[in-house]
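Subject: Structure for your files, with notes

Hello,

The structure is pasted below, and my notes follow it. Please read them with the coordinates open.

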There are 4 protein chains.
Amino acid sequence: MSRFTDLQKKFKFDRYTGFGSGANNQGDRLLKTDGTFNVLRTGQSFIERISPFHQLITMSWGHFILLALSLFTVLNLIFTSLYYLIGLEDLTGIVQKESTGLFIEVFSFSAQTLTTVGYGRVNPINSYASLLASLEALLGLMSFALLTGVLYGRFSRPNAKLLFSENAIISPFQEKTALMFRIANQRKNQLIECEAQVLFNYHDKETGNRRFINIDLEYAKINALSLSWTIVHPIDEKSPMFGLSINELKEMSPEVILMFKAFDDTYAQVIHTRHSYTFDEIIWGAKFVPMYKRSENGKATELELNKIGQIQRVDLPNL
Amino acid sequence: MSRFTDLQKKFKFDRYTGFGSGANNQGDRLLKTDGTFNVLRTGQSFIERISPFHQLITMSWGHFILLALSLFTVLNLIFTSLYYLIGLEDLTGIVQKESTGLFIEVFSFSAQTLTTVGYGRVNPINSYASLLASLEALLGLMSFALLTGVLYGRFSRPNAKLLFSENAIISPFQEKTALMFRIANQRKNQLIECEAQVLFNYHDKETGNRRFINIDLEYAKINALSLSWTIVHPIDEKSPMFGLSINELKEMSPEVILMFKAFDDTYAQVIHTRHSYTFDEIIWGAKFVPMYKRSENGKATELELNKIGQIQRVDLPNL
Amino acid sequence: MSRFTDLQKKFKFDRYTGFGSGANNQGDRLLKTDGTFNVLRTGQSFIERISPFHQLITMSWGHFILLALSLFTVLNLIFTSLYYLIGLEDLTGIVQKESTGLFIEVFSFSAQTLTTVGYGRVNPINSYASLLASLEALLGLMSFALLTGVLYGRFSRPNAKLLFSENAIISPFQEKTALMFRIANQRKNQLIECEAQVLFNYHDKETGNRRFINIDLEYAKINALSLSWTIVHPIDEKSPMFGLSINELKEMSPEVILMFKAFDDTYAQVIHTRHSYTFDEIIWGAKFVPMYKRSENGKATELELNKIGQIQRVDLPNL
Amino acid sequence: MSRFTDLQKKFKFDRYTGFGSGANNQGDRLLKTDGTFNVLRTGQSFIERISPFHQLITMSWGHFILLALSLFTVLNLIFTSLYYLIGLEDLTGIVQKESTGLFIEVFSFSAQTLTTVGYGRVNPINSYASLLASLEALLGLMSFALLTGVLYGRFSRPNAKLLFSENAIISPFQEKTALMFRIANQRKNQLIECEAQVLFNYHDKETGNRRFINIDLEYAKINALSLSWTIVHPIDEKSPMFGLSINELKEMSPEVILMFKAFDDTYAQVIHTRHSYTFDEIIWGAKFVPMYKRSENGKATELELNKIGQIQRVDLPNL
């Protein structure tokens, strides 16, 4: 009977993590570097797939501004065409004669209406154009109301920015060893009531499937992440990594998954974030260099955020 | 003594679910297909019944846009009438003579004021019209402020879209059988810390009432709904379905009610949703076809959402 | 030794409720009928007392609209004065000569600027008036941004509207008696994961102080408040009301305080509400009339909200 | 072996508070008076450090208004320059000849466009200026949408304002002594389900490090903070302060840290706040003067907020 069957007996397996098994073969990561799950979703129609508000508030700022400009241009082009269709004699105050200039003048009139600037030199004088302009102004207001909501949604979305050490390390710990990694808050806002949960995801040679185990932590909760937090999984009898050589670990192609939860005091909301380390990101025999010290004037604690991943090579105890 | 009296002795009954008993006779569903309760509310006056914001954010987009257009038109008609009442000589810049054209010109002036476009060709020249126009512009701004709030409310309301298997199934499970159904997240946003609670709602022949029992699940919590989740109620000694034939089950006219709760990582809010299966939606002797696999390029797990309800007929063990 | 000293020994008293003791003498209610605490706050300066956003979102709609109109008028009067101060020759397009008409024309120009309508017939032609108008338009936009936020705050504030039975009753219950009252949701939105906590607040004859006791409930949690919920405090050995005659209860001048908590599915927020019953609102010997039944078409449960407080007189068991 | 080593054996130390040890030497406070942690964050680039929304909603109102005015001026200056660059012959309706007056006229036209007032006396007549003005109006709308969101963010941010007694006191308590301090709600909104956690932070002579201990409270939760709450840490065998003389306490340079959490009923949000007392703020031998009483008309409880810190000197029991 292999060591993996042993593990299977010792731990409650798989399902309660919600990550399934079997599909995720050796070499793949469950968690992408941006903290989202490495899952390809198929079998949905286009309509089922889109989710406008979700996309509007999660897209990059560059895309968002581009989208806003494009929509503004397209809406103006549509209304410009409609004013042409109705006939430009319905608009008074037009001065341009030449066709490009005229087009831009009508386009600008439309833009002035959509934005509700309404200078009024050019303005609708007959019924159709008047009603169309009223509708355009209403549409402008509604689009702008939408824009306000979306911008607020983008801003107010609590997005914890945590710093993670580039590597997890295997470190000496209380006469044994431990798996450690270090996190800190990249922002100045206060993260309190922090909780960490760590899953050990590995390839089960025997069944060819990947397995998930919830592993124990020295501390799973802290009051506040005001400094750094070194998350420590002691490699003792209860650990799936207990007694493994570096090569045995490599064969398991492990992925250590951190699920982090805290209360963000600025937004008064609970935030969640995730991170994972694969075998290549685990360093065998190292310890973290301290990243906080007394500040020079002696009045505060100085947290050096650029040291988050700094390690020092050390020997591991012979077990 | 009937089997139902037995059940009654074995389980803590009814009241703690909040769904009452007695009123809901055989053949009725407690939970409508949209997840709301099948309850008719009477005995309230019109004023007590309405709840404007709630209705504005839960009505369909079609109704919402229609309502916005109607309100805009009605407000403009009211102000147009008021300008007529004051006398059109209070407005300068009017060009239309014919009555319909004139009406539309005044209506458009009102619309330009309400939307704060204010081209200004037509504008109030005497005191009453000036003050009325000021008031209309203020009203326009306030309506628009309302609109912004309501639109944001509509968008930001967390509305989990879960996919449920069309049927619940009775499936072989660990040498016995189990009641199973399958859920997945229709959206790309991350649902974490998911919890399921399942109620078994049935007709108690003896008392003529309907009863509710909280039934056990193999797993009631998962870390993340990144793939699909098959919710499993093992039919063992502790199950109210234990030892029932398909006909006995039918006589109980059961409704299996799922109450689902998760943390939505995009909106940073807890979301709840509900679903139920009646006897006609329970298939006796089936298992779910796997709905995720390794993706073609081998780099991710592919979740095939259209397979959510796909089953395969199987024989059940003879118990 | 009196019965009150006995109670004091049997129950953990006072402080953990946060309501203190001693100050609240016989005849006073702790909880006002709107669910706020009957506490007069003194010793704060005016500045410490005000809390603008809190007041803006909790004041009545009537007051809110009056306040908005007043502010709009005052701001316009201030800017009108400033335009007069700069000199009306800085404004072009003015047509009124007579002083009242002129004043209203300037006032309306100011209103057109503040609301950003800007018809433009009257407009600033010299530097000071131009800059003042720019500032006024900016102020208008900022006020309007504020207004939008406050309106959204007013609307989105979760405000559970519960119906409470007008009276609490002493009712027969499992061969003994129980204190009961009944609640239902006045709104159509779904209230789930409901929790009730009931405090018994009474006058302690011996010390002259008021005391608070957390009393037991038959069920303190229900899954959903889709129908009505009768909250039941069994009057057994563990109850401070055990063995009391109606006169003994009256002497204690009791106040039964309900603290209710639920998750509102429409707003995705936890809501809290409170209610209390004093001695005069407790009926000795009654039971609630059922308030839900099968609907006429037999397809749903009908909840008759106007029956929330309907009772029927019954005899209590002789204990 | 020193008393500190003893403590170390008796209590679970340090790490689970998240505040680290070692760095924070004697004489420093962990918690600044505004409730933020006394931590200096270094090693981040400028880009990593900034967090625009967080800064916009936490800066003072003075700074915020100054920033808004500056941005408005700068944006207008940029667009003014662009109109000059395009050529003022593209704008019609300009009346000023003299260079300063002309500049202000163009600047004001820009402001009228950015705020969407658009009087229209001055307005763009050629293509480049027309398009630039359209863009400026769009930018104006977007800035304003942003402003609305930020203003709402500033207002809706739940910011509990608690009053803390100026001093913590050592007071007689149940034949021994206790460390006490007193809090009250400065606002009228209801704070319910309140929880307090108190950390004792002291200098460990032996190691030269600072240590953190979670200390016991008489009551750690109360139902509602409707009056005042005296938080009591009994100094018994389980207390790190047990048996210490005033001088021994001084040598430990203690900091008593309160972490407070409550549900704010107005905003329907959980709020957190923090406060700390250093040795100089702890009074040896005192008790708090009552701060609530029956109101004069006998109808309510009067809470005198200005008495929050009033104490009376008392002798401590000889232990």
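**Sheets shared between chains**

Strand 1 of chain A pairs with strand 16 (residues 301-304) of chain B in the parallel sense, over four bridges. Helices and strands here are DSSP runs (helices are H or I with at least four residues, strands are E with at least two), numbered from the N terminus. Two strands count as paired if DSSP finds at least two bridges between them. Within this pairing, A:T42 has B:E304 of strand 16 of chain B as its bridge partner.

Before the rest, the conventions: this is a predicted model, in which local features need pLDDT of at least 70 and side-chain atom pairs count only at pLDDT 80 or more, while totals for chains, interfaces and linings use all residues. Residues are numbered from 1 along each chain as its sequence is written, and chains are lettered from A and ligands numbered from 1 in the order in which they are written.

Chains C and D also share a sheet. This is an open sheet of three strands in the order 1(C)-16(D)-15(D), with mixed pairing. Strand 1 (39-42) of chain C and strand 15 (292-294) of chain D are at the edges with a single partner strand each, so one side of each has no neighbour in the sheet. On average, neighbouring strands of this sheet are turned by 25° against each other, direction ignored. Axes are lines fitted to C-alpha atoms, for helices over the stretch in contact, and angles run from 0 to 180 degrees between N-to-C directions. Strand 1 of chain C and strand 16 (residues 301-304) of chain D run parallel and are joined by four bridges. D:E304 in strand 16 of chain D is the bridge partner of C:T42.

Chains A and D contribute to another open sheet of three strands, with mixed pairing and the order 15(A)-16(A)-1(D). Its edge strands are strand 15 (292-294) of chain A and strand 1 (39-42) of chain D, each pairing on one side only. The twist from one strand to the next averages 25°. Four bridges connect strand 16 (residues 301-304) of chain A with strand 1 of chain D, in the parallel sense. A:E304 has D:T42 of strand 1 of chain D as its bridge partner.

**Chain A: domains and the side facing chain B**

The domain assignment (bounds from an automatic or database assignment) splits chain A into domain 1 (3-38 + 159-313) and domain 2 (49-156). The C-alpha centres of these two domains of chain A are 50 Å apart.

Between chains A and B, 53 residues of chain A are in contact with 57 residues of chain B. Contact means that the C-beta atoms of two residues, placed from the backbone, lie within 7 Å. On the side of chain A that touches chain B, at least two residues each come from strand 1 (39-42), helix 3 (52-58), strand 3 (123-124), helix 6 (127-156) and strand 12 (269-278) of chain A. Helix 6 of chain A supplies the largest share, 15 residues. By class, this side of chain A has 22 nonpolar, 26 polar and five charged residues. The classes are: nonpolar for Ala, Val, Leu, Ile, Met, Phe, Trp, Tyr, Cys and Pro, charged for Asp, Glu, Lys and Arg, and polar for the others, Gly among them.

**Helix packing**

In chain B, helix 4 (residues 61-86) and helix 5 (residues 99-114) pack at an angle of about 120°, with axes 9 Å apart. Helix 4 of chain B is therefore oblique to helix 5 of chain B. Angles under 35 degrees count as roughly parallel, over 145 as roughly antiparallel, 65 to 115 as roughly perpendicular and the rest as oblique. The contact of helix 4 with helix 5 of chain B has eight nonpolar, three polar and no charged residues.

In chain D, the axes of helix 5 (residues 99-114) and helix 6 (residues 127-156) come within 7 Å and cross at roughly 55°. D:S110, D:T113 and D:L114 of helix 5 meet D:A133, D:E136, D:A137 and D:G140 of helix 6. Those residues divide into three nonpolar, three polar and one charged.

Between chains, the axes of helix 6 (residues 127-156) of chain B and helix 5 (residues 99-114) of chain C come within 9 Å and cross at roughly 20°. That angle makes helix 6 of chain B roughly parallel to helix 5 of chain C.

Regards
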